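User: I am new to reading protein models and would like to learn how to look at the inside of one. Could we go through it step by step?

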Amino acid sequence: MTQIPDLLPALPEIFLAIAGMALLMLGAFKGDGATRLVAYLTVMSFVIAGFLLLVVVETPAETFNGMFVADDFAVFMKILALLGSAFAVIMSQRFIEREQMARIEFPVLFLFATLGMMMMISAGDLLSLYLGLELQSLSLYVVAAFRRDTVRSSEAGLKYFVLGALSSGMLLYGASLVYGFTGTTSFSGLAEAFAGGGEVGIGLILGIVFVSAGLAFKVSAVPFHMWTPDVYEGAPTPVTAFFAVAPKIAAIALFVRVMIEPFGELVQQWQQIVLAISILSMILGAYAAINQTNIKRLMAYSSIGHVGYALMGLAAGSEAGVRGVLVYMAIYLAMNVGTFACILCMRVNGRMVEGINDLSGLSRTHPLMALVLAVFMFSMAGIPPLAGFFAKLQVFLAAIDAGLITLAVIGGLTSVVGAFYYIRIIKLMYFDDPVESFDRPIGNDMTLVLTGTGLFTAFFFLFPAPIVDAAARAAASLFAG
Amino acid sequence: MVIQGLAFYLFALMTVASGAMVITARNPVHSVLFLILAFFNSAALFLLMGAEFVAFILIIVYVGAVAVLFLFVVMMLDIDFARLREGFLNYLPIGALVGLILLVELLLVLGAWAILPESELRVTAPAPEAASGLTNTEALGNLIYTEYVYAFQVAGLVLLVAMIGAIVLTLRSRPVRRQRIADQVNRRPEDVLVVRKVDPGEGI
């Protein structure tokens with residue numbers, strides 16, 4: 001008699017999968033006119049999945065023969081991913097209706113991408129890692145090319161697909177090497193295999209290098225970042241807003257889990273890899289963004305830089321470092337969602353504009369929006385007392401504790417360089433003459449998103465405890481097992 | 001034992017011979033038919049090894065689907081295979097050399113191949129013991145639908161997304177002319193037919 005696996009730890013995922021298929025059916029019968037309904041139901045299912053995650057799922061648990069892990073770390077990251085996706089669906093609604101992109105598959109693909117993210121975050125085996133990653137990436141390739149009649153969008157989708165397939169190939173090659181040299185794909189089995197601290201063969205190292213290269217590609221860390229600016233610029237703006245937040249969070253979570261759980265004993269082997277890509281990402285993110293004139297491209301380089309800072313916490317390889325990464329990603333979520341909400345409001349006479357110069361004199365035409373955007377920019381630059389400062393502080397402290405002084409110093413220097421282009425935007429908004437005014441009204445949904453994320457970013461320093469405590473618990477759960 | 005040995009050599013020879021015919025036959029349709037013969041013989045070889053599931057999958061998937069697809073492609077595309085094969089002999093020595101080098105490399109690599117002894121202890125899905133009475137179809141079923149049911153289901157979702165993606169990116173709804181049976185039935189000769197009197201040599 002075979003036993004039915006315990007489904008409870010995976011309940012949110014199972015719910016989302018069923019909801020996705022049900023919404024697909026609904027859309028198939030109702031047609032594209034029901035896009036708004038499907039979008040709202042998608043957001044609803046994210047909320048329910050989050051509820052199930054917080055209330056029903058008991059941590060720590062694992063199921064499906066250890067292929068699926070539910071611990072505090074997974075819950076924390078999944079909540080972030082769900083939040084990011086829900087914001088992205090809400091923000092995209094108006095845009096896709098205006099631009100004749102309103103098809104029911106759009107929110108459904110967001111839902112499946114989110115499902116893939118949650119599976120990645122909960123992966124307990126190289127096999128489930130890869131499948132989750134592929135589910136997420138495949139949905140993302142499609143939404144990137146969703147405006148199939150414009151060259152830029154199709155180009156973005158194709159570029160993302162080709163390079164993404166390449167990175168999946170590298171990841172699989174690395175996974176096969178790791179499997180070949182250890183005989184197991186499960187994370188706990190791998191951790192056991194390395195526990196002795198014996199000699200590590202060159203083949204195994206090669207495998208780890210390939211796995212981390214594949215993962216670095218997914219988080220768009222230098223030198224695997226080439227796709228990011230083009231895809232961010234070419235994809236429809238709400239899709240870019242989605243790309244910049246939820247998949248990044250999931251990929252960082254996966255990176256952290258893979259490095260800490262199965263390869264935790266091999267810190268000295270992978271630390272230099274993470275160190276190198278962290279430094280390179282911070283430097284490139286700071287310098288390459290200076291010359292940009294397109295705000296979406298600028299955000300792409302900015303996100304490369306942020307990934308560099310987040311990886312600094314991972315490079316520390318300590319519990320404090322992982323906690324830093326988690327706090328960083330939570331704050332990154334708020335800042336980026338808010339900034340993209342502003343970008344989505346950049347419309348002149350019913351046409352989207354993307355140039356940085358279009359923001360000139362925003363303080364006179366849209367004082368409140370300029371204020372919120374200024375908060376986000378100051379926060380991204382890491383000016384105290386805004387949230388971005390605390391995010392950077394956490395990872396810098398962790399790096400210094402781990403003895404990586406050089407890394408922290410480079411991080412400090414690159415944030416100074418990065419501050420230039422963030423603050424240039426503020427200068428444009430407050431000190432330059434206004435160009436054409438953006439269209440009004442921006443809509444209740446945008447106002448809500450901007451207010452929420454703006455308040456969070458501005459006043460995080462008053463109430464940091466809930467998030468920092470949750471992150472600390474999550475980080476501890478990763479090191480416990 | 002003797003019969004098994006004989007059968008093995010028979011099927012193996014047939015496989016190799018039909019493999020050779022695949023690349024030498026002048027008519028591409030014959031090539032595909034020889035390919036099908038090669039598949040059947042390799043299926044028989046798998047049967048001899050006791051891998052009945054793989055044998056049947058080979059026939060169902062490769063013969064039933066892949067080879068037939070090849071056949072369609074070969075019949076539909078007008079490819080002049082004789083011209084493609086021109087100059088084959090000129091390149092034979094260099095091709096043989098490359099093949100030889102590859103063979104030596106493979107022998108060197110595989111000859112020195114050693115699997116970590118500890119890794120065999122951690123194998124998650126060892127082959128079932130012959131004494132357990134489990135056929136390999138059952139053993140595979142256990143692996144796919146019990147042990148790795150999670151991976152199996154997620155793979156299904158990945159395929160679903162691939163399907164949605166293909167439809168989203170390529171389907172264009174064109175105005176389709178539908179059949180209206182009522183219109184066809186109600187059609188009367190005087191609506192569509194005009195009888196004209198045409199003078200000889202004049203035309204309309």
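User: Which residues does Ser168(A) touch, not counting residues up to four places away in sequence?

Analyst: Bear in mind from the start that this is a predicted model. When we list what a residue touches, we set aside its close neighbours along the chain, and on that basis Ser168(A) touches Tyr130(A), Glu134(A) and Lys218(A). With one of these, Glu134(A), the side chain of Ser168(A) also makes a polar contact through the other side chain, at 3.0 Å.

User: Where in the chain is the place of Ser168(A), and is Ser168(A) buried or exposed?

Analyst: Ser168(A) has its place in helix α6 of chain A, which covers residues 151-182. To judge burial we look at the relative accessible area, and a residue counts as buried when this is under 20%. Ser168(A) is buried because its relative accessible area is 3%.

User: How many cavities of 30 Å³ or more does a search of the whole structure find, and what lines the largest cavity?

Analyst: The search finds 3 cavities of that volume or more, and the largest cavity holds about 110 Å³ of space. Its lining includes Gln136(A), Tyr160(A), Lys218(A), Trp227(A) and Phe243(A). Helices α5 (126-144), α6, α8 (202-218), α9 (227-234) and α10 (237-260) of chain A are the elements that give two or more residues to this lining. Sorted by class, the lining of the largest cavity has 7 nonpolar, 3 polar and 2 charged residues.

User: Which element gives the most to the lining of the second largest cavity?

Analyst: That is α17(A), which contributes 6 residues to the lining of the second largest cavity. About 90 Å³ of space lies in this cavity, and of the 15 residues lining it, Tyr309(A), Thr414(A), Gly418(A), Tyr421(A) and Tyr422(A) are the closest to its centre. Here the classes are 8 nonpolar, 6 polar and 1 charged.

User: What is the volume of the second largest pocket, and which residues lie nearest its centre?

Analyst: A pocket is an open space, whereas a cavity is one that the probe cannot get out of. The second largest pocket has a volume of about 440 Å³, and among the 23 residues that line it, those nearest its centre are Phe76(A), Ile79(A), Leu80(A), Ile467(A) and Ala470(A). Helix α3(A) gives the most to this lining, with 7 residues, and by class the lining has 18 nonpolar, 3 polar and 2 charged residues.

User: Which residues have the most contacts inside the largest nonpolar core?

Analyst: In soluble globular proteins, nonpolar side chains tend to be buried together. In this model the largest nonpolar core has 187 residues, and Met77(A) and Phe243(A) have the most contacts inside it. The element that gives the most to this core is α10(A), with 18 residues. Away from its neighbours within four places in sequence, Phe243(A) is in contact with several residues, including Leu140(A), Val143(A), Tyr160(A) and Tyr232(A).

User: Why does Leu450(A) count as buried, and with which residues is Leu450(A) in contact?

Analyst: Leu450(A), which lies in helix α18 of chain A, counts as buried because its relative accessibility is 6%. With neighbours within four places in sequence left aside, Leu450(A) is in contact with Gly338(A), Ala341(A), Cys342(A), Val372(A), Phe376(A) and Ile442(A). As a check on distance along the chain against distance in space, Leu450(A) and Pro367(A) are 83 residues apart along the chain, while their C-alpha atoms are separated by 13 Å.

How values were computed. Residues numbered from 1 in each chain as written. Chains lettered and ligands numbered in written order. Predicted model: local features only at pLDDT ≥ 70, side-chain atom pairs only at ≥ 80, totals over all residues. Heavy atoms only, no water. Helix = DSSP H or I, 4+ residues; strand = E, 2+ residues; numbered from the N terminus. Buried < 20%, exposed > 50% of the residue type's maximum accessible area, 1.4 Å probe, protein only. Polar contact = N/O pair within 3.5 Å; in protein donor to acceptor, adjacent residues only side chain to side chain. Contact = heavy atoms within 4.5 Å. 1 Å grid on protein atoms, 1.4 Å probe; cavity = no way out; pocket = protein on both sides within 12 Å on 5 of 7 lines; lining within 4 Å. Points joined across faces, edges and corners; volume = space filled by probe spheres on them. Nonpolar A, V, L, I, M, F, W, Y, C, P; charged D, E, K, R; others polar. Core = buried A, V, L, I, M, F, W, Y, C linked by side-chain atoms within 4.5 Å.
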